[in-house]
Amino acid sequence: MKTHKIAVIPGDGIGVDVTDAALEILAAAGAKFGFGLETQTFPWSCQFYLQTGAMMPEDGIRTLGKYDAIYLGAVGWPSTVPDAVSLHGLLLPIRKAFNQYANIRPHRLLPGVEGPLKAAGFDILCIRENTEGEYSGAGGRVHQGKRNEVAVETAIFTRDGVERILRFGFEQARARRKHLTSVTKSNAQKYSMVFWDEMTKEVAADYPDVTVSHMHIDAMAAKMVMAPESLDVVVASNLFGDILTDLGAAIQGGLGFAASANICPDRSAPSMFEPVHGSAPDIAGKNIANPIAAIWSGAMMLDHLGEDRAAAAVLAAIETATARGIGTRPGSHSTDAITAAVKAALEM
Ligand code: IPM
Ligand code: MN
């Protein structure tokens with residue numbers, strides 16, 4: 001029997017609740033499809049920070065590097081640890097250290113879920129650059145607290161970084177409806193985004209079968225609301241993609257349905273799978289968080305591990321549950337009830 005080694009970081013808040021749910025479904029998928037998941041849970045979180053002074057041990061990245069994949073719940077507990085500390089101590093360094101440069105986020109309505117829009121037939125795959133751009137971490141502050149204080153945060157766009165994410169997007173588009181929208185802001189950002197547009201054209205030359213649109217981020221936000229069904233694959237920089245995928249989550253019915261994968265495409269390091277939502281401290285531990293985004297992210301992990309039949313079955317089980325109205329509206333069902341319904345559908 002094939003066994004996959006998974007590092008599990010439940011993290012903070014509802015990250016713990018939804019990770020439990022996802023692992024239960026993934027184990028059931030393993031039992032049904034004949035593979036094992038050997039999980040090791042790491043308690044790295046804001047609680048861990050308060051105890052040790054760091055979000056993960058110094059050799060944390062080296063430890064994670066030994067696993068086939070990483071499953072993460074959510075990170076952040078801002079009342080005790082500032083978000084900029086917790087995120088730069090765990091989630092963001094993992095994405096960068098393992099070259100997980102492609103953040104994949106699907107946005108479509110699950111059966112039975114009513115989104116806020118009239119449009120229902122959209123199916124968007126957002127590909128967000130995940131290691132550089134506006135999240136490069138380059139910058140600094142001087143004269144703190146004084147009148148002449150200055151803060152600089154530099155977005156870094158490299159030819160390697162931009163080319164590889166665009167190429168990844170074109171490959172995805174080729175496997176889908178063969179349309180790619182490149183998100184830009186080259187009317188205002190005359191260096192980085194003009195470069196981004198040029199790279200889009202350069203890479204597009206290798207994909208003559210894929211049609212390409214260039215769309216400014218502001219117009220893109222409007223398009224996702226007004227005509228989401230016109231979109232297929234969307235490729236965006238780190239920050240633009242971050243913002244657009246919360247909008248994508250909103251039009252698919254909420255963050256409880258938004259799954260994501262941080263992929264290291266050359267497989268030289270583990271990829272990481274996590275729901276888009278955060279730790280939601282206000283509802284943590286109350287058995288009311290929607291685990292569907294987390295379970296769907298788990299399905300994306302199975303797919304990445306080569307268990308594509310199991311991945312498809314988990315997604316189908318989610319759809320069977322939501323089609324019956326389970327977990328489709330906030331507060332309609334508990335975390336446990338939704339998990340049980342998905343599990344029952346999987347085992348049918
Ligand atoms: C996300 C999150 C993170 C991001 C935060 C928590 C740093 O919003 O995964 O979308 O901006 O990447
Ligand atoms: Mn986000």
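**Figure 1. Residues around ligand 1 in the predicted model.** In this predicted model, ligand 1 is surrounded by L87, R95, R105, R128, Y135 and D242. Sorted by class, this shell comprises 4 charged and 2 nonpolar residues, with no polar residue. L87 and Y135 are the nonpolar members of the shell, whereas R95, R105, R128 and D242 are the charged ones.

**Figure 2. Polar contacts and cover of ligand 1.** Three side chains of the shell are shown with their distances to oxygen atoms of the ligand. For R95, a polar side-chain atom lies 2.7 Å from an oxygen atom of ligand 1. In the side chain of R128, an N or O atom is 2.7 Å from an oxygen atom of ligand 1. D242 places a polar side-chain atom 2.9 Å from an oxygen atom of the ligand. On its own, ligand 1 has 320 Å² of accessible area, and the protein covers 77% of this area.

**Figure 3. The largest pocket, in which ligand 1 sits.** The site of ligand 1 is the largest pocket. This pocket has a volume of about 800 Å³, and its lining is made up of 36 residues. Of these lining residues, D246, L255, V276, H277 and G278 lie nearest the centre of the pocket. Three elements each give two or more residues to the lining, namely the strand β3 (69-74) and the helices α5 (91-97) and α9 (238-251). The element that gives the most is α5, with 3 residues. By class, the lining of the largest pocket has 18 nonpolar, 11 polar and 7 charged residues.

**Figure 4. The largest cavity and its lining.** When the whole structure is searched, 1 cavity of 30 Å³ or more is found. The largest cavity holds about 30 Å³ of space. Its lining consists of L92, R95, K96, N130, Y135 and N238. Here α5 again gives the most to the lining, with 3 residues. The classes are represented by 2 residues apiece: 2 nonpolar, 2 polar and 2 charged. L92 and Y135 are the nonpolar residues of this lining, N130 and N238 the polar ones, and R95 and K96 the charged ones.

**Figure 5. R95 and Y135, shared by the ligand shell and the cavity lining.** Both R95 and Y135 belong to the residues that surround ligand 1, and both also line the largest cavity. R95 in addition brings a polar side-chain atom to 2.7 Å from an oxygen atom of the ligand.

Technical notes. Residues numbered from 1 in each chain as written. Chains lettered and ligands numbered in written order. Predicted model: local features only at pLDDT ≥ 70, side-chain atom pairs only at ≥ 80, totals over all residues. Heavy atoms only, no water. Near = heavy atom within 4 Å. Polar contact = N/O pair within 3.5 Å; in protein donor to acceptor, adjacent residues only side chain to side chain. Areas by Shrake-Rupley, 256 points an atom, 1.4 Å probe, with all protein chains shown as cover. 1 Å grid on protein atoms, 1.4 Å probe; cavity = no way out; pocket = protein on both sides within 12 Å on 5 of 7 lines; lining within 4 Å. Sits in = over half its atoms within 2 Å of the grid points. Nonpolar A, V, L, I, M, F, W, Y, C, P; charged D, E, K, R; others polar. Points joined across faces, edges and corners; volume = space filled by probe spheres on them. Helix = DSSP H or I, 4+ residues; strand = E, 2+ residues; numbered from the N terminus.
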